[in-house]
Amino acid sequence: GLGPGADSGGSGWCGSRFAGAPGGADVRRPLKYRPWAARGAPRAAPPPSSGPCQSSRGGEPGTEPPRPGPGGSKRLPQALLVGVKKGGTRAVLEFIRAHPDVRAVGSEPHFFDRHYGRGLDWYRSLMPRTLSSQITMEKTPSYFVTKEAPRRIFNMSRDTKLIVVVRNPVTRAISDYTQTLSKKPEIPTFEGLSFRNRSLGLVDTSWNAIRIGMYVVHLESWLQYFPLSQIHFVSGEKLITDPAGEMGKVQDFLGIKRVITDKYFYFNKTKGFPCLKKTESSTLPRCLGKSKGRTHVQIDPDVIDQLRDFYRPYNIKFYETVGQDFRWE
């Protein structure tokens, strides 16, 4: 009795008489943004543009699920690391890839921001082969600040689990600037880019390095499509001081056994952050690349204070919305 758009992982209501059942009038309306939304908020339903028939596993309407090959099959990701840039996303990806039940794409696909026009089949082709017991993941930190990303990801699968690594927005902005400076030494000073008027304390929110850290503003778009129960926030600070604790929570969120524990990590004093001691496939230590752990540019402490004041109300509203205090104040 499954409808034409349902596959083995679908809900089975597509094309059935229940699709137009009473009370189904607002079935396809996205959630309204609610700052008080609890983690158990009702799941969002597809917006009018998405059409009612889609696979919960992410297949396009009416398409056959891929046939498993010898090493499993390529599947659309069930979990995405959507942000934030310079928050610690590469570390989370490398740490979680050490788990035998997770397979991830190494590079950033940028499908939901830059390459959406190529279609889901192209996106699926980038994925590693997985067994049915494994989770497929990818990371593209720019998704978090891309207006269309929540709707596009929702249209792939409303069940997608989202991971966001957040970090003190002032430190994040300095890290972002440091990275850009290493590639373009001719750019203006951090102070010059941060303010429209320094003496008046007017912060330039159009500068990406500042804008990304206004987390609660970006989160509003996501909460129109996904309940908080499907979004997990990793503390970028705790990822450094307690990697096993933070990764334990990530594994719980993904519904997989806590395999990545403290015995997996050692602290690299030169870089100033933890590295993986061992992985399933290798006994050699694995650290992040040369571009990670750069020494930050020295910034005038008054500038830092002004930016802290600017971010404070955004941070507080963010804590209240997600029900987690990241202690950036």
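In this predicted model, K161 lies over the face of F253, at 5.5 Å from the ring centre. A second charge over a ring is that of R198, which lies over the face of F195 at 5.7 Å from the ring centre.

K161 also belongs to a strand pairing: K161 in β6 is the bridge partner of A79. The strands β2 and β6 pair in the parallel sense, over four bridges. β6 also pairs with strand β9 (residues 231–235); these two run parallel and are joined by five bridges. Within that pairing, L162 stands opposite I231 in β9. Strand β6 covers residues 161–166, and five of its six residues are buried, so the strand is largely enclosed by the rest of the structure.

The nonpolar cores come next. In soluble globular proteins, nonpolar side chains tend to be buried together. The largest nonpolar core here has 36 residues, and the residues with the most contacts inside this core are Y123, I153, W222, F233 and F318. Two or more residues each are given to this core by β2, α2, α3 (149–156), β6, α7 (215–223), β9 and α10. The largest share comes from α7, with five residues. Another core, of 29 residues, lies apart from this one, and L93, A98, V102 and F273 are among its members.

Y123 leads from the largest core to the aromatic residues. Leaving aside neighbours within four places in sequence, Y123 is in contact with L76, P77, L80, P109, F111, F112, E138, Y143 and M156. Some of these contacts recur in one aromatic cluster, which is formed by F111, F112, Y116, W122, Y123 and Y143.

A pair of aromatic rings is described by the distance of the centres and the angle of the planes. Over the whole structure, a search finds 25 aromatic pairs. One of them is formed by F111 and F112, which are edge-to-face at 4.9 Å centre to centre, with 75° between the planes. F111 has a relative accessible area of 1%, below the 20% limit, and therefore counts as buried. F112 is buried as well, with a relative accessible area of 0%. The rings of F112 and Y123 have their centres 5.2 Å apart and their planes at 80°; since an angle over 60 degrees counts as edge-to-face, so does this pair. F112 lies in the loop between β3 (102–104) and α2 (120–125), whereas Y123 lies in helix α2, so the pair ties together parts that are eleven residues apart in sequence. Both F112 and Y123 are buried.

The last topic is an annotation. In an unreviewed UniProt entry, "binding site" covers K86, G87, G88, T89, R90, R167, S175, K292, G293, R294, T295 and H296. Two of the annotated residues can be followed in the model. G87 lies in the loop between β2 (79–83) and α1 (89–97). With 6% relative accessibility, under the 20% limit, G87 therefore counts as buried. Not counting residues up to four places away in sequence, G87 touches V165, R167 and G236; R167 is itself covered by the annotation. T295 is placed in the loop between β11 (273–276) and α10 (301–322). Its relative accessibility is 71%, and because this is over 50%, T295 counts as exposed.

Note on methods:
Residues are numbered from 1 along each chain as its sequence is written. This is a predicted model: local features need pLDDT of at least 70, side-chain atom pairs count only at pLDDT 80 or more; totals for chains, interfaces and linings use all residues. Side-chain values use heavy atoms; hydrogens and water are left out. Rings of Phe, Tyr and Trp (its six-membered ring) pair if their centres lie within 6.5 Å; planes under 30 degrees apart count as stacked, over 60 as edge-to-face and the rest as tilted. Buried means under 20% relative accessible area, exposed over 50%, partly exposed in between (1.4 Å probe, protein chains only). A charge sits over a ring if NZ of Lys or CZ of Arg is within 6 Å of the ring centre and within 35 degrees of the ring normal. UniProt positions are given in the numbering used here, feature names are shortened, and annotations may be inferred rather than shown by experiment. Contact means heavy atoms within 4.5 Å. Two strands pair if DSSP finds at least two bridges between them. A nonpolar core is a set of buried Ala, Val, Leu, Ile, Met, Phe, Trp, Tyr and Cys residues joined through side-chain atoms within 4.5 Å.
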